[in-house]
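Please open the model in your viewer and keep the sequence panel beside it. The tour below proceeds by selections, each followed by a description of what is found there.

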Amino acid sequence: RKNLVIAIDGYSSCGKSTLAKALAKKLGFIYIDSGAMYRAVTLYFIRNHINVNDPEAVKNTLEQIELNFHSRDYQSHITLNGEEVSEEIRQMPVSETVSEVSANKQVRREMVKQQQRMGKSKNIVMDGRDIGTTVFADAQVKFFMTADPKIRAERRYKELQSKGDTTTTLEEVFENLAHRDYADTTRAESPLTRAEDAIILDNTNITESEQLHFALDMVHQHL
Ligand code: C5P
């Protein structure tokens, strides 16, 4: 491929999007949050009471959904049929359902197709679960991120609180991450797994800026 792709995969709440945004900004690449796409589709399923186990319903639903990204300073602003849903897709109802919807074969095929189209000609950083293994198996640089589960839950909990969620407990966040990690790694269709050529990045004990420097070093070595 002529354009450059940096693929970032890993467990839930490992700071994938933080690193992806920072890299995109430094390198002048476009950042694409593939998780936001699965979350927005999930929101549509929830709102419209769509049964994810009904192939006909899923097919019709996917035809009715249009997702678009609006890049504002490398944040992931996503619209669902024209409506800005970036905040709502981060809330617990979506987090609790997204792994079930994203395990669906039809949903994945459609999302992967759209993601590949977005990365066809531009330099991009994309984060998710199957970017280095499926969406862009030919990405020039791949990272696989991990961190201690307790630290991850604490980070996500603080983030929810800072956004005004005062009802979700730390235990609930911890359980949701554990549940999603389990569902994401054990599903049949492109499960979360490290691509053989992915660089492992454990950020339990390093700062955001140390992480960015490490990743930039790796990018420069690989490009
Ligand atoms: O990245 P984020 O945590 O927002 O993703 C939410 C969920 O979307 C994940 O737990 C996973 O079930 C699904 N996902 C996926 N494949 C991707 C990105 C996200 O299955 N490439």
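How many residues surround the ligand, and which are the closest? The shell holds 14 residues, and the closest are Gly35, Tyr38, Ser102, Gly128 and Arg129; a residue counts as near a molecule if its C-beta atom, placed from the backbone, lies within 6 Å of it. This is a predicted model, in which local features need pLDDT of at least 70 and side-chain atom pairs count only at pLDDT 80 or more, while totals for chains, interfaces and linings use all residues. Residues are numbered from 1 along each chain as its sequence is written.

**The shell by element**

Select H2 (34–47), then H4 (92–102) and H8 (170–186). Each of these three helices supplies at least two residues of the shell around the ligand. The largest share, four residues, comes from H2. Helices (H or I, at least four residues) and strands (E, at least two) are DSSP runs, numbered from the N terminus.

**The whole protein**

Zoom out to the complete model. The protein has nine helices and eight strands. Its radius of gyration is 17 Å, close to the 17 Å that the globule rule gives for 223 residues, so the protein is as compact as a globular protein of that length. The radius is taken over C-alpha atoms, and the rule is 2.2 Å times the number of residues to the power 0.38. Along the principal axes, the C-alpha atoms fill a box of roughly 50 × 40 × 35 Å. Buried residues make up 40% of the 223 residues; a residue is buried if 20 or more other C-beta atoms, placed from the backbone, lie within 10 Å of its own, exposed if 12 or fewer, and partly exposed in between.

Next, select residues 6–220, where UniProt places the feature "domain: Cytidylate kinase" in an unreviewed entry. Such annotations may be inferred rather than shown by experiment. Over this range the chain is 51% helix and 18% strand, and the end C-alpha atoms are 12 Å apart.

**Strand S1 and its partners**

Select S1, residues 5–10, of which six of six are buried. Val5, Ala7 and Asp9 lie on one side and Ile6, Ile8 and Gly10 on the other, so that both faces are covered. In a regular strand the side chains alternate between the two faces of the sheet.

Add S6 (residues 124–128), which pairs with S1 in the parallel sense over five bridges; two strands pair if DSSP finds at least two bridges between them. Here isoleucine 6 stands opposite valine 125. Then add S7 (residues 141–146), which runs parallel to S1 and is joined to it by five bridges. Glycine 10 stands opposite methionine 145 in S7.

**Helix H5**

Select H5, residues 105–118. Its buried residues are Val107, Glu110, Met111, Val112 and Gln115. They pack against several elements, including S2 (30–33), H3 (55–64), S6 and H6 (131–135).

**Two loop residues**

Finish with asparagine 81, in the loop between S4 (75–80) and S5 (83–84). This residue has a positive phi of about 45° although it is not a glycine. Asparagine 81 is exposed, with 12 other C-beta atoms within 10 Å.

Is serine 190, the last selection, buried or exposed? Serine 190 is buried, with 20 other C-beta atoms within 10 Å. The loop between H8 and S8 (199–202) contains this serine, and its phi is positive, about 30°, although serine 190 is not a glycine.

Conventions. The expected span of a helix is 1.5 Å times one less than its number of residues. Two residues are in contact if their C-beta atoms, placed from the backbone, lie within 7 Å.
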